[in-house]
Amino acid sequence: MEYISSYPVRAKVQAAAGVKILGRFNRARAAQLTLPHFVCQTPLFMPVGTQGTIKGLTTSQLEEIGCQIILGNTYHLALRPTSELIDELGGLHNFMNWPRALLTDSGGFQMVSLLHLADITEKGVTFQSPVDGKPMLLTPEESIQIQNRIGADIIMALDDVVKTTITGPRIEEAMYRTLRWIDRCIAGNCPVTHTWKLDDTYLLVKDICVKGLVERDLPGYAIGGLAGGEDKDSFWRVVAQCTAALPEDKPRYVMGVGYPLDIVVCSALGADMYDCVYPTRTARFGTALIPEGVLKLKHQAMANDTRPIDPTCECMVCKNYSRAYIHCLVTKDAMGSQLLSYHNLFYMMKLSRDLHSSIVDGGFRMEIHSDMSSVSFVNY
């Protein structure tokens with residue numbers, strides 16, 4: 001095992017812009033984030049409900065496991081059922097019967113994931129709708145308007161997104177366009193916006209972007225463009241550089257990050273919020289998250305295993321069902337992926353709570369397995 005630890009550096013409680021820092025341990029921070037629909041404890045993980053639903057789970061179950069914020073996708077919600085309909089029905093909170101906080105992304109990620117359907121210009125991005133093939137122009141202003149109709153607690157600015165593997169002048173073009181679009185988003189009322197991810201080759205460009213965003217004194221910042229295939233060392237270094245440059249009194253959101261290892265490391269580096277489809281997507285493939293890493297329930301070795309997924313887990317699934325039962329389901333029945341989704345999100349919510357309490361208590365220490373398959377942390 002590798003040990004990443006050092007003597008604790010504690011700081012006094014502070015509050016600003018809806019964020020109250022409750023404790024620190026070196027660069028790690030535990031905070032209270034006050035939003036219109038919920039008071040959240042950070043670090044926190046947000047499950048992704050692309051079209052207003054976490055597949056296989058009810059909103060009551062999400063409350064039960066301690067979910068604080070759900071992420072919705074602006075692009076997909078604008079296509080179906082449309083932001084106008086959601087607005088008419090009282091906003092996404094009412095539409096999906098979710099009383100706690102919501103975050104909507106800007107639609108910018110679809111510039112990468114649906115690049116074959118997108119044309120990016122200074123005006124905005126034109127998508128070919130996957131629903132009916134019609135062109136859809138998403139401008140910075142329109143993205144904000146859509147998100148305001150949806151009614152999320154946190155809305156994101158539209159940025160010019162490029163793949164992590166892109167090099168050359170396209171990166172600088174995207175960075176400067178992002179800054180120009182940020183100003184257009186601010187005019188359209190955008191509470192939270194992105195910082196830009198660049199590798200070591202473009203540190204100067206990245207620093208220009210971070211400085212430009214911080215100068216705009218936004219209520220929060222997101223580190224985007226990561227988790228796209230780059231190596232862990234480069235990923236963590238970028239997060240470390242960005243969090244070091246961001247204001248202490250604003251929330252810091254690392255987008256698209258869902259591996260427990262990354263969440264623990266990024267929290268140690270001073271990040272607060274994360275989202276990813278990973279816990280629920282991997283559940284649909286028959287894989288459970290456990291402290292040692294992952295457990296593949298489709299493997300034949302699970303067929304006669306009467307133990308719970310994780311004997312130390314207190315979730316409803318681990319209390320009531322065996323590995324053998326879930327093995328039978330994941331190969332034949334949708335109930336298997338539902339149970340695994342419940343367990344995996346319970347695991348992520350507990351990870352968030354444990355991170356919060358260990359930072360507040362001043363005993364935060366990470367232990368990363370040599371193969372980087374898992375991570376644990378303990379209180380002194």
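## Helix α13 and its surroundings

Colleague: Helix α13 spans residues 323-330; how many of its eight residues are buried?
Modeller: This is a predicted model. Helix α13, residues 323-330, is mostly covered. Of its eight residues, the buried ones number six.

Colleague: Which residues of α13 are the buried ones?
Modeller: Two are Arg323 and His327. The others are Ala324, Ile326, Leu329 and Val330.

Colleague: What do the buried residues of α13 pack against?
Modeller: Two helices and a strand share the job. The strand is β18, residues 293-296. The helices are α12, residues 316-320, and α14.

Colleague: Is His327 buried or exposed?
Modeller: His327 is found in helix α13. Its relative accessible area is 9%. The cut-off for buried is under 20%, so His327 counts as buried.

Colleague: Which residue offers its backbone oxygen to a polar atom of the His327 side chain?
Modeller: Leave aside neighbours within four places in sequence, and His327 is in contact with Leu297, Lys298, His299, Gln300, Met302 and Ala303. One of these supplies a backbone oxygen 2.7 Å from a polar atom of the His327 side chain. That residue is Leu297.

Colleague: Tyr321 and Tyr325 form an aromatic pair; what is the angle between the planes?
Modeller: A search of the whole structure finds four aromatic pairs. Tyr321 and Tyr325 form a stacked one, 5.3 Å centre to centre. Stacked calls for planes under 30 degrees apart. Here the angle is 15°.

Colleague: Is Tyr325 buried or partly exposed?
Modeller: Its ring partner Tyr321 has 27% relative accessibility and counts as partly exposed. For Tyr325 the relative accessible area is 38%. Buried needs under 20% and exposed over 50%, so Tyr325 is partly exposed.

Colleague: Which helix gives the largest share of the largest nonpolar core?
Modeller: The largest nonpolar core has 91 residues. Those with the most contacts inside it are Leu62, Val254, Ile309 and Phe364. The largest share is eleven residues, and it comes from residues 334-361, helix α14.

Colleague: How many residues does the other core hold?
Modeller: This core lies apart from the largest one. Among its residues are Val19, Ala31, Leu71 and Ile154. Its count is 19 residues.

Colleague: Where does the side chain of Asn344 reach a backbone oxygen?
Modeller: Asn344 sits in helix α14 and is buried, with a relative accessible area of 0%. Beyond its neighbours within four places in sequence, its contacts are Pro279, Thr282, Ala283, Thr287, Ala288 and Leu289. At 3.1 Å, the side chain reaches the backbone oxygen of Thr287.

Colleague: What separates the C-alpha atoms of Asn344 and Ala288?
Modeller: Ala288 is among the contacts of Asn344. Along the chain the two are 56 residues apart. Their C-alpha atoms are separated by 6.1 Å.

Colleague: Which residue lies over the face of Phe346?
Modeller: The distance from the ring centre is 6.0 Å. The residue over that face is Arg353.

Colleague: Strands β4 and β5 pair; in what sense?
Modeller: A hairpin of four residues joins β4 to β5. Thr34 stands opposite Val39 in β5. Over four bridges, β4 (residues 28-34) and β5 pair in the antiparallel sense.

Colleague: Which residues form the covered face of β5?
Modeller: Strand β5 covers residues 39-42. Val39 and Gln41 form the uncovered face. The covered face is Cys40 and Thr42.

Notes. Residues are numbered from 1 along each chain as its sequence is written. This is a predicted model: local features need pLDDT of at least 70, side-chain atom pairs count only at pLDDT 80 or more; totals for chains, interfaces and linings use all residues. Side-chain values use heavy atoms; hydrogens and water are left out. Buried means under 20% relative accessible area, exposed over 50%, partly exposed in between (1.4 Å probe, protein chains only). Two strands pair if DSSP finds at least two bridges between them. A nonpolar core is a set of buried Ala, Val, Leu, Ile, Met, Phe, Trp, Tyr and Cys residues joined through side-chain atoms within 4.5 Å. Contact means heavy atoms within 4.5 Å. Rings of Phe, Tyr and Trp (its six-membered ring) pair if their centres lie within 6.5 Å; planes under 30 degrees apart count as stacked, over 60 as edge-to-face and the rest as tilted. A charge sits over a ring if NZ of Lys or CZ of Arg is within 6 Å of the ring centre and within 35 degrees of the ring normal. A polar contact is a pair of N or O atoms within 3.5 Å; within protein, one must be able to donate a hydrogen and the other to accept it, and residues adjacent in sequence count only if both atoms are side-chain atoms.
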